[in-house]
Amino acid sequence: MAKTADPDEDLVRRVGQGDPAAIQAMVARKLPRMLTLAQRMLGDATEAEDVAQEAMLRAWRQAPRWAPGQAKFDTWLHRVGLNLCYDRLRRRREIATEAPPDRPDDGPAPDRGLLAMETGARVEAALAKLPERQREAIVLCHYQELGNIEAAGLMNVSVEALESLLSRGRRALRSALADMAPNAPDAVRAANG
């Protein structure tokens, strides 16, 4: 198997050696992306924080044993994050609740960005209604900005299968958000691909 160049190799090695600066650098570099991934997959900020923290904890524990060359560390970390999200999604299906929990409003101030907040909520709701694999493909490629080859590897599918999932997901989002398209803000246009 060919060795994969990994931009995080030195950082992971230093984290594995217990270098506090490297640990801080890893958290600063990786935590925001893990939060975004989990938020997009779960649609819940509190659960997203838990998943991101658990993913970072696993990265820190794995660092001393990391063997560079087989896969990129970032790819492995995304896989860990996705697996943690799927665990939570499975538990949700097992435990149905009467009403959704209250969520804090962490959007812009009421006098600014009302349309953007509504648009974001509509996009999030449409994204949440996609089948899991289509949502995963959209999140990895559009929100996490992974390339098709890397996203396909994370999902254990061929690039062609990933592109098919992306195409079906984009069509479903376009259909769900069709009434917004003429005056669509950037977020909707991005979701519509």
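Let me start with Leu-140, which, if we leave out residues up to four places away in sequence, touches Leu-37, His-78, Leu-82, Glu-145, Leu-146, Ala-151, Leu-154 and Met-155, where contact means heavy atoms within 4.5 Å. Before going on, I should say that this is a predicted model, in which local features need pLDDT of at least 70 and side-chain atom pairs count only at pLDDT 80 or more, while totals for chains, interfaces and linings use all residues. Residues are numbered from 1 along each chain as its sequence is written, and side-chain values use heavy atoms, with hydrogens and water left out.

Leu-140 also appears in the largest nonpolar core, which has 46 residues, and there it is listed with Met-26, Met-34, Leu-37, Met-41 and Leu-162 as having the most contacts inside that core. Such a core is a set of buried Ala, Val, Leu, Ile, Met, Phe, Trp, Tyr and Cys residues joined through side-chain atoms within 4.5 Å, and buried means under 20% relative accessible area, exposed over 50%, and partly exposed in between, with a 1.4 Å probe and protein chains only. Among the contributing elements, α4 gives the most, with eight residues; helices here are DSSP runs of H or I with at least four residues, numbered from the N terminus.

Staying with α4, which spans residues 73–94, we find Phe-73 and Trp-76 three residues apart, and therefore separated by about one helical turn. Phe-73 is buried, at 0% relative accessible area, whereas Trp-76 is partly exposed, at 23%. Together with Trp-66, these two residues form a cluster linked by ring pairs, a pair being rings of Phe, Tyr and Trp (its six-membered ring) with centres within 6.5 Å, stacked if the planes are under 30 degrees apart, edge-to-face if over 60 and tilted otherwise. By this rule there are three aromatic pairs, and Phe-73 with Trp-76 is a tilted one, because the ring centres lie 5.4 Å apart and the planes stand at 35 degrees.

How, then, do α7 and α8 pack? Their axes, which are lines fitted to C-alpha atoms over the stretch in contact, with angles running from 0 to 180 degrees between N-to-C directions, are 9 Å apart and at an angle of about 95 degrees. That makes the two helices roughly perpendicular, a class that covers 65 to 115 degrees. In this contact Asn-148, Ile-149, Ala-151, Ala-152 and Met-155 of α7 meet Val-159, Leu-162, Glu-163, Leu-165 and Leu-166 of α8.

Finally, Pro-64 sits in the loop between α3 and α4 and is exposed, at 53% relative accessibility.

Technical notes: Angles under 35 degrees count as roughly parallel, over 145 as roughly antiparallel, 65 to 115 as roughly perpendicular and the rest as oblique.
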